[in-house]
Amino acid sequence: MASLLDRVNANPRLQLATTAAVSGVVVASTILGFQKLQKARRISELKRSINSLAEDGEGNLDSFGGASNSDKEDIRDAILARRAQAGDYDEELILEQLARNAVFLTPEGLDKLRGAFVIIVGCGGVGSHCTAALARSGVSRIRLIDFDQVTLSSLNRHAVATLADVGIPKVQCLRRRLLAIAPWVHFDLRQEKFWEEAAEPLLAPWEETGQKPDFIVDAIDNIDTKVALLKFCHDNKLPVISAMGAGCKSDPTRIVVGDIGTSTDDGLSRSTRRRLKLMGVTKGIPTVYSTEKTAEGKAELLPLPEDEFRKGQVGDLGVLPDFRVRILPVLGTMPAVFGYTVANHVILALTGYPHDYLPAKGREKMYDGLLASVQGSEEKILRHQTGGDASISVGLKTPITTGDIAFLAEEIYKGRSVITGLTTRLVLIRWRKPADSILIKIGKGHNKQKSSNLKLCDLVLMTKEEGSRHDKMILRGEKQPEDIYDPEIVAKVEQTLKEIALYEKYR
């Protein structure tokens, strides 16, 4: 150390360099210290302003800004939010709160997130956790849609509800609590049930700016409204992600994000997928679902008690028409995992961060082949009914779509022959020989239309070889299925066709 000091003292240049270096460190430390003091001062001023807001005499708040029975803290939060949303909030403090997101997503990505408009439909366990994550992450415009109120049973899974919130609308509860965390977020509250007829106004652009929703979150647990929302978004090309059933699930490691065409067999996922396929939606909707299988000892949907049945039709027992009345067992942690998984996907999609979800099954060629097999079979049957007149089948149309084919092949028959369970070279073919002509004719001359009277509940899935035998012996022969198949197979097919008939009304 002494020799170093001696060299510095003996060399004017080293003296100058050392002085400059020390001065730089002092200046940098001073600047950093000043910035730290400035930040502390701004935070201190913000806290002092919050403490004094209740004395500003701004009066009672409306029901969606803090109910009349709100405590002083709620009132302070709501007034601060009013100021923050009007622009009276230090931008540097917002950026400090979102600093970790900015580092991860890049400042450009964070800007996209802060400029986004997201709609959450359903504000229960899944929707509330999703909303909280989006608000904390910087999304600045959020519309909440839910008709329901916070109940005591909500508290095991709701993201922010407290005992003080029991009895108030879920949308109001979320706004009330999240304003205390991110007061600059603008909330648009819609306390009503989503339904098909109200889809357009509920999913309309943000009123003040005309901005269309950048993403829509489906956190609905009612099948009819869920399907209506997803079909509307699909038809109108609105980005949407759907959360499937968290009820009866217990393994968070089995939750994945995949296309609607890849989702598996929890009840809500299966029913949603089936209904959408019958409407022609076979892929293209990202979905959060669980691959967990039920097993002995695991929770299941609880049956409706017998005394409830005696009160009337099951559909008349809910608080709203066509809404569920049975109790679904829910482990409180699972809706949170679903909700945060949904929010994570939305954040990545909005900011352009690299992300992939499981692709839809590449089944289009198979569907086209099955559709062709149906067309060919109907033409053969019609020619047989008319004594071999080939001209009668020219131009024959069948009332079957690709969505119908996907529904039958994937959802009903699981891609397997109903006769042997084989999975290769499959065809769809009528189960029973038509008693009367299958031909429906409308119009004459150039306006003539010919179609088959085929229904979904007429069709079964077989291998090509089984189908040829079935066509020869039954459809164009004199035998019945009972004459050539085992009773177990016949009973299974008849039960399956009854199940298909129940779904016909959703086409």
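**Exercise 1.** In this predicted model, decide whether Asp188 counts as buried or exposed, and describe its surroundings.

*Solution.* Start with the accessibility: the relative value for Asp188 is 18%. The cut-off for buried is under 20%, so Asp188 counts as buried. Next, place the residue: Asp188 lies in strand β3, residues 186–190. Then list its side-chain polar contacts: one of 2.7 Å to the side chain of Arg143 and one of 3.0 Å to that of Arg190. Finally, with neighbours up to four places away in sequence set aside, Asp188 contacts Ile142, Arg143, Leu144 and Trp206.

**Exercise 2.** Determine how helices α10 and α14 are oriented to each other, and characterise their contact.

*Solution.* Helix α10 spans residues 267–278 and helix α14 residues 402–412. Their axes come within 7 Å and cross at roughly 150 degrees. Angles over 145 degrees count as roughly antiparallel, and α10 and α14 are therefore roughly antiparallel to each other. On the α10 side, the contact is made by Arg270, Arg273, Arg274, Lys277 and Leu278; the α14 residues include Asp404, Phe407, Glu410 and Glu411. Sorted by type, the contact residues are seven charged, four nonpolar and one polar.

**Exercise 3.** Identify which residues of the largest nonpolar core touch the most other members, and which helix gives the most to this core.

*Solution.* The core has 53 residues, and Val118, Leu134, Ile142, Leu144, Val217 and Val346 touch the most other members. Helix α12, residues 333–351, gives the most, with seven residues. Take Val217 as a case: beyond four places in sequence, its contacts include Val118, Cys130, Ile241, Val342 and Val346. A second core of 40 residues is separate; among its members are Leu396, Ile405, Ala409 and Ile429.

Definitions and conventions
Residues numbered from 1 in each chain as written. Predicted model: local features only at pLDDT ≥ 70, side-chain atom pairs only at ≥ 80, totals over all residues. Heavy atoms only, no water. Core = buried A, V, L, I, M, F, W, Y, C linked by side-chain atoms within 4.5 Å. Buried < 20%, exposed > 50% of the residue type's maximum accessible area, 1.4 Å probe, protein only. Helix = DSSP H or I, 4+ residues; strand = E, 2+ residues; numbered from the N terminus. Contact = heavy atoms within 4.5 Å. Axes fitted to C-alpha atoms, helices over the stretch in contact; angles between N-to-C directions. Parallel < 35°, antiparallel > 145°, perpendicular 65-115°, else oblique. Nonpolar A, V, L, I, M, F, W, Y, C, P; charged D, E, K, R; others polar.
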